[in-house]
Amino acid sequence: MLDLVSLNVAGLDFTTLPQQLVNGFLLGAIYALVALGYTMVYGVLKLINFAHGEVFMLGSYGAMFASWMMGFGPGGSAVAGSWVTLLLMLLMAMLVSGSAGFVIERFAYRPIRNHPRIASLITAIGLSLLLQYGGQAFLLEGKKQAITSKVNPFSDDFVFTPKKADAALVAQAAALQPEVDAAQKAFDARLPFEKSKFELSPEGDRLNKALAEITAKRDSLQNQATTSAVTIRLPKGKLIMLTTTILLMIGLWYLVMKTRMGRAMRAVSVDFNASSLMGINLNTVISFTFILGSVLAGAGAMMYSTFQSAPIDPFSGTAPGVKAFVAAVLGGIGNIPGAVVGAILMGVAENLVTWAGYSSYRDAIAFVILIAVLLFKPGGLLGSNKVEKV
Amino acid sequence: MQFNFGKWFGTRAISVIVAVLFCLLLDKVMQGPDKSYYRFLMSLAGIYVTLAVSLNLINGITGQFSIGHAAFYQIGAYTGAVLAANKFSHLAATKPLLWLFLAALFGAIAAGLAGLIVGLPSLRLKGDYLAVVTLGIGEIVTIIAKNQKSLGEAYGLSTAKIESVFLISLLAIVCIAVCRNLLKSAHGLAFLAVREDEVASAAMGVNLTRVKVTAFVLGSAFAGAAGALYAHTKAFVSPPDFSMDVSFLILTMVVLGGTGSITGTTIAAVVLFLIPEKMRDLPYVQMGTPLGVAIGIIVAVVLLRKIQESFHGSASERLGRNLGSVGIGIVVAFVMAKVLVMVPAFQSMINGALFRMPVLAVTLVVLMLLRPQGIFGHHEFSWSWVQKLLGKKSPETEVAA
């Protein structure tokens, strides 16, 4: 086992690294759900759907309203959630996002599908702005909201300790406990003879100081013992989140690889016009792709705002949306496994930056990675570099 | 035809003199303590014209889709502000106009260099990828400014207040003139060729990288100069002034005016700057009103699209029907607003100023649905066009860019 404690590079605390990696992986799983929507839409339409982040935002509102309907709203009476609560919230988020994705495609993108690509890109930007600022005007006055943690009944943690605390230190700290107790007792016994806790006679002061000294000594030993251990906390809720994500991805894989609709989607992404000539109904396939991507984003939104306790406002979709998009490009846009790989890398990178003490730059890291990857491998990590032929 | 140096030089000298006199006149008109608000509006309008026309050089003329123009604007502004606060504070106090000129120059150099560093590697990327990288650059620059102590962090930097409508309008005119003259030269034709077809123009011997980087650096430099002037006009720079929304606003100006049309971009920049500015003063309205207007817009757009798709009559009949649809839209908006306000759920009050950005967004989407090439398309203002409009026969037919 690598001795993380003795590693000390640039003042970084390596004992918290495993925890940060796990957190990054969990965050990456949510980004992956969003990134899949970007990558699938790009696959069939060659369009960057800038409004996808807003579809995500609407999904989290859907989840929140579902929780309000079940009595978890402001002044609601419900006490604790259950499986059913979470499932209903998930379904609601998926429903809201899915309908939003359908409407956006049907009424904004479809009419201009044959125009130059720049037109659809600008429409996407316009829709994104419209949903953000329209939300600011109409959705609960754009105030910051949050889903109460009461909906999540699985709030306790699984604790793993790959490296136990230093036994000698723990023993030493425990050995000091009787002395602390004795000092506390002596001080408490003296207290009735004093004017108050803050105006002590010399005798009381001596006892107080002795208590403070011995407590500090014990705390310092205990602290050393804790930092010598490597623990990973895995909240059960996040484990459920991970399981759901994996199930959704298996479902997606089945849908794309094993069904007729999935085959049609793949055909459209290979050649738009030829697949139309082969009798594939482009409108249906594109609508389906948008709904599928949006539903996944909705699921991600529900889990992001419930298990990661992210606040919800009309602009809350931008940051995860942009990061998921970067993840999709990182993995090679249009490439479904690439989106997942890219998203997990993104989540881990973000947590590593926070861990290294540059948390204010955590939003910049996404773009730094993106630019670096695009410059050296423009097709993305798993994508292929196509040469344009005439 | 023989080249007449005297005539060539004469027309140019006259244009320069007219331009400078025009700027001086504007400056004179805007003087006075009672006109400070109008001076501010005028200055910002000039700055936005510069920004939009310079982005048009990149997006519209060379066809490289950049959506992070505010980054270069920001670099210029911070360069100006930092230099005025440290190295050049004496000069800024004693000779404000000279310093403002130098600040614009420094801003342009800094932003141009940044454009070169960003452009050289990333312009190898095509379309969407370039858009993403420029978006990323915009974000990175803002995040750096937000976290650097020397750049004032999230609070921002204050600097000397130097207002000069003269320099701002001159910058805008220079920017327009450079773009226009570029388009008439062989270099400019190469720019247009790259926009129309990269592969074909490369095959014809156009150096793609060079053309793209030139356009990018030139556009960035103008944005940087505008930024330095902005910093001194407002006497204060802070990260939110250069957010993604500003990039999108500049992009909207270019797209609304017509990607590639300098005339269109200029007009759109003034209009789109003034509308949100004026909307700051909107009163509180009942929620039903904007909803009703939204329904009216939807009805009008649906009708206009139906006409666009399936009506093949004469131009005047078409215009009549288009105007009719707009009229129906207005009536529907009016009626719906009145009706919806009667519903108790839609009676809560909303700050009208909140609708600044939605109006921009709706403009973008509706424009893309109805006229994706922008209001002016690729057309430019020209004197022969004015003469034609006045009923005279034009002496020469200019080729629309």
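**Exercise 1. Helix α1 of chain A**

State how many of the 29 residues of α1(A) are buried, and describe the course of this helix.

*Solution.*
Step 1. Of the 29 residues of α1(A), 22 are buried, and the helix is thus mostly covered. A residue is called buried if 20 or more other C-beta atoms lie within 10 Å of its own, exposed if 12 or fewer do, and partly exposed in between, with C-beta atoms placed from the backbone. Helices (H or I, at least four residues) and strands (E, at least two) are DSSP runs numbered from the N terminus.

This is a predicted model, in which local features need pLDDT of at least 70 and side-chain atom pairs count only at pLDDT 80 or more, while totals for chains, interfaces and linings use all residues. Residues are numbered from 1 along each chain as its sequence is written, and chains are lettered from A and ligands numbered from 1 in the order in which they are written.

Step 2. The expected span of a helix is 1.5 Å times one less than its number of residues. For the 29 residues of α1(A) this gives 42 Å, and the end C-alpha atoms are 40 Å apart, so the two values agree.
Step 3. A kink of about 25° is centred on A:V34. The bend at a residue is the angle between axes fitted to the seven residues ending there and the seven starting there.
Step 4. After α1(A) comes A:K46, with a positive phi near 55°. A:K46 is not a glycine, and its place is the loop between α1 (17-45) and α2 (52-72) of chain A. It counts as partly exposed because 15 C-beta neighbours lie inside 10 Å.

**Exercise 2. Helix α5 of chain A**

Determine what span is expected of helix α5 (residues 167-190) of chain A, and where this helix bends.

*Solution.*
Step 1. At 1.5 Å a residue, the 24 residues of α5(A) should span 34 Å; the end C-alpha atoms are 35 Å apart, which agrees.
Step 2. The bend, of about 30°, is at A:Q177, and a proline, A:P178, follows within four residues.

**Exercise 3. Three residues compared with the cut-offs**

Classify A:V373, A:G279 and B:A235 as buried, partly exposed or exposed.

*Solution.*
Step 1. A:V373 is situated in helix α13 of chain A. It counts as buried because 21 C-beta neighbours lie inside 10 Å. Beyond four places in sequence, A:V373 is in contact with A:L330, A:G380 and A:L381; two residues are in contact if their C-beta atoms, placed from the backbone, lie within 7 Å. The C-alpha atoms of A:V373 and A:G331 are separated by 9.3 Å, although these positions lie 42 residues apart along the chain when one counts from one to the other.
Step 2. A:G279 belongs to the loop between α9 (272-277) and α10 of chain A. With 7 C-beta neighbours inside 10 Å, this residue counts as exposed. Its C-alpha atom is 9.7 Å from that of A:A264, 15 residues away along the chain.
Step 3. B:A235 is found in the loop between α10 (208-234) and β2 (236-237) of chain B. It has 15 C-beta neighbours inside 10 Å and therefore counts as partly exposed. Its phi is positive, at about 65°, although the residue is not a glycine.

**Exercise 4. Domains and the contact between the chains**

Give the domains of each chain, and state how many residues each chain brings to the contact.

*Solution.*
Step 1. Chain A has domain 1 (14-157 + 233-376) and domain 2 (165-228), bounds that come from an automatic or database domain assignment. The C-alpha centres of these two domains of chain A lie 52 Å apart.
Step 2. Chain B is assigned domain 1 (5-279) and domain 2 (284-353), with 36 Å between their C-alpha centres.
Step 3. The contact takes 35 residues from chain A and 31 residues from chain B. On the side of chain A that touches chain B, α4 (117-138) and α13 (362-376) each supply at least two residues. The most come from α4(A), with 15 residues.

**Exercise 5. Confidence**

Report the mean pLDDT of chain A and the average for chain B.

*Solution.*
Step 1. The mean for chain A is 84, and 95% of its residues reach 70 or more; pLDDT is the predictor's confidence in each residue, from 0 to 100.
Step 2. Chain B averages 82, and 96% of the residues score at least 70. Over residues 394-401 of chain B, pLDDT stays under 50.
Step 3. The model scores ipTM 0.80 and pTM 0.81.
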